[in-house]
Amino acid sequence: MNIDLQRFIDRWAGIPLCAAVSAVDAVMRRLRPAEASDKVPRAIVVILLSEMGSLVLANDMFARLKARYPDAPLHALLFRKNREILDLMQVMDPANVHTVDDRSLTSLLSSLAKAIGELRRANVDVAIDCELFSRISSLLSYASGAAVRVGFHRHTQEGLYRGSHINRPVPYNPYHHISAQFLTLARAIDSTAVPKSKLAVVASPKPPPHVQLDGALIQGIQTRLVQDFPAIAGKPLVLVYPGGGILPIRAWPLASYTALCEGLVADGCAVAVIGLKDDQALARQLVANVQAAFPQSPVIDLTGYTRSISELLALFHVARLLVTNDGGPGQFAALTPIWTLMLFGPETPGLYAPLTPKCHSFYSQWPCSPCLTAYNHRTSYCDGDNQCLKVIAPADVLAKARECLAAP
């Protein structure tokens, strides 16, 4: 399903369903005694449906949960297309990963029913909803059978209603990095403070450990690249991701990427454009633009070239630098040794910068930025003229790219 349909269903079906579940929960609370706040969880489920990049940013939360509740099996509920990155991170038993297929409404409903049944059989009694005001995840935390339900709460805001059945409500704080807020959700399980996030400051989230890939996989990608694209052999490889994914407003202009790639090619680098098959038209245009100025230049189209997240991470081991819009590739890069330059505008690095010292974020702090927030379900009011990204000069990005390429 496309993102607009998901938003439509979440709003028009989600609001009445949340109201109904909240009413049922209010009656049930009157009929049964409240659970003890110091009760040790039997099993915990983390609900993080939507974005693969957020799974990387939640790594420290997973580690803290396992350390705090070593006897409680950790489960996850996420979209099926996001599963591979979680498996690669090795933060939980693969048998405890429950997936939802969102390719159609029918597959969504059938896979939801299956996942809910699995969680109930696992005796999950704590659910941590990491979604930013999504109503379906709020409903799933209740459907899981968990008595303790942690999630972000709107407090006094008029909108963003997602029910009152979240009984460990944590106020969303747009001034703290999302990884720190995930940690707060984990700590709210047994918090007795009001609000549940009124907790002593802990150390900042740690960078995620690098994923250990099979050396044969990395060597295979390197060999395949040289065989398929002999022009790049012997040159430092720079990857660029010019696509905006499901949110095109996040994309740095094509003209800016063209100027950057021309500078990199002039410096003797090989440039590879990465992305999904849907990004192929954009990639071909970028390659054509650069080759118009530099005929026979080592600029190649790798959209759809990697067949899995594992292969993409292997490609990151082969390349020296990644230049990317805000999105999943920049977060995945934190699991590898590659240097990364990440371009922010509609979103802010204050909330979503990768947790790695080998990433530099560009952000213009335009007055209307960030415009994609939890408060508007990431629906920008921008007319498409994303000046917050357009004012980031290719010369500045190229200068930083040269620094990274010169680093050990």
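How many of the 6 residues of strand β5 are buried? In this predicted model, the count is 5 of the 6 across residues 148–153, so β5 is largely enclosed by the rest of the structure.

A look at the partners of β5 fills in the picture. Strand β4, residues 126–129, runs parallel to β5 and is joined to it by 4 bridges. Within that pairing, I128 has V150 of β5 as its bridge partner. The pairing with strand β6 (residues 168–171) is also in the parallel sense, and here too 4 bridges turn up. This time F152 is matched with V170 of β6. Getting from β4 to β5 involves helix α7, residues 135–143, and the three elements together make a right-handed β-α-β unit.

Helix α7 also has a helix to pack against. Its axis sits 10 Å from that of helix α6 (residues 105–121), and the two pack at an angle of about 40°. The pair is therefore oblique. On the α6 side the contact comes from L112, I116 and R120, while α7 puts in I136, L140, Y142 and A143. As for the spacing of such residues, an α-helix has 3.6 residues a turn, so positions three or four places apart point the same way.

F152 comes up again in the surroundings of Q181. Q181 belongs to helix α8, which covers residues 178–187. With a relative accessibility of 4%, under the 20% cut-off, Q181 counts as buried. Setting aside neighbours within four places in sequence, Q181 is in contact with F152, Y172, N173, H176 and L351.

S50 makes a handy contrast. This residue is found in the loop between β1 (44–47) and α3 (52–57). Its relative accessibility is 35%, between the 20% and 50% cut-offs, so S50 counts as partly exposed. Residues up to four places away in sequence left out, S50 touches F79, N82 and E131. R30 is 20 residues from S50 along the chain, and the C-alpha atoms of the two are separated by 34 Å.

Further along the chain there is an open sheet of 6 strands, paired in parallel and ordered β9-β8-β7-β10-β11-β12. Its edges are β9 (299–301) and β12 (359–363), each of which pairs on one side only. From one strand to the next, the twist averages 20°. Inside the sheet, β7 (residues 237–241) and β10 (residues 321–325) pair in the parallel sense, with 4 bridges between them. One of the matched pairs is V240 with V323 of β10. Helix α16, residues 394–406, packs on this sheet and touches β7, β10, β11 (339–344) and β12; relative to β11, the direction of α16 makes an angle of about 160°. Another helix, α11 (residues 280–293), lies across β7, β8 (270–273) and β9, and runs at about 165° to β9.

Helix α10 deserves a word on geometry. Its 13 residues, 254–266, reach 18 Å from the first C-alpha to the last, close to the 18 Å expected at 1.5 Å a residue. The buried residues of α10 are S256, Y257, T258, L260, C261, G263, L264 and V265. Just after the helix, G268 takes a positive phi of about 95°.

Definitions and conventions. Residues numbered from 1 in each chain as written. Predicted model: local features only at pLDDT ≥ 70, side-chain atom pairs only at ≥ 80, totals over all residues. Heavy atoms only, no water. Buried < 20%, exposed > 50% of the residue type's maximum accessible area, 1.4 Å probe, protein only. Pairing = 2+ DSSP bridges. Right-handed = clockwise from strand over helix to strand, strands pointing away. Axes fitted to C-alpha atoms, helices over the stretch in contact; angles between N-to-C directions. Contact = heavy atoms within 4.5 Å. Expected span 1.5 Å × (residues − 1). Parallel < 35°, antiparallel > 145°, perpendicular 65-115°, else oblique.
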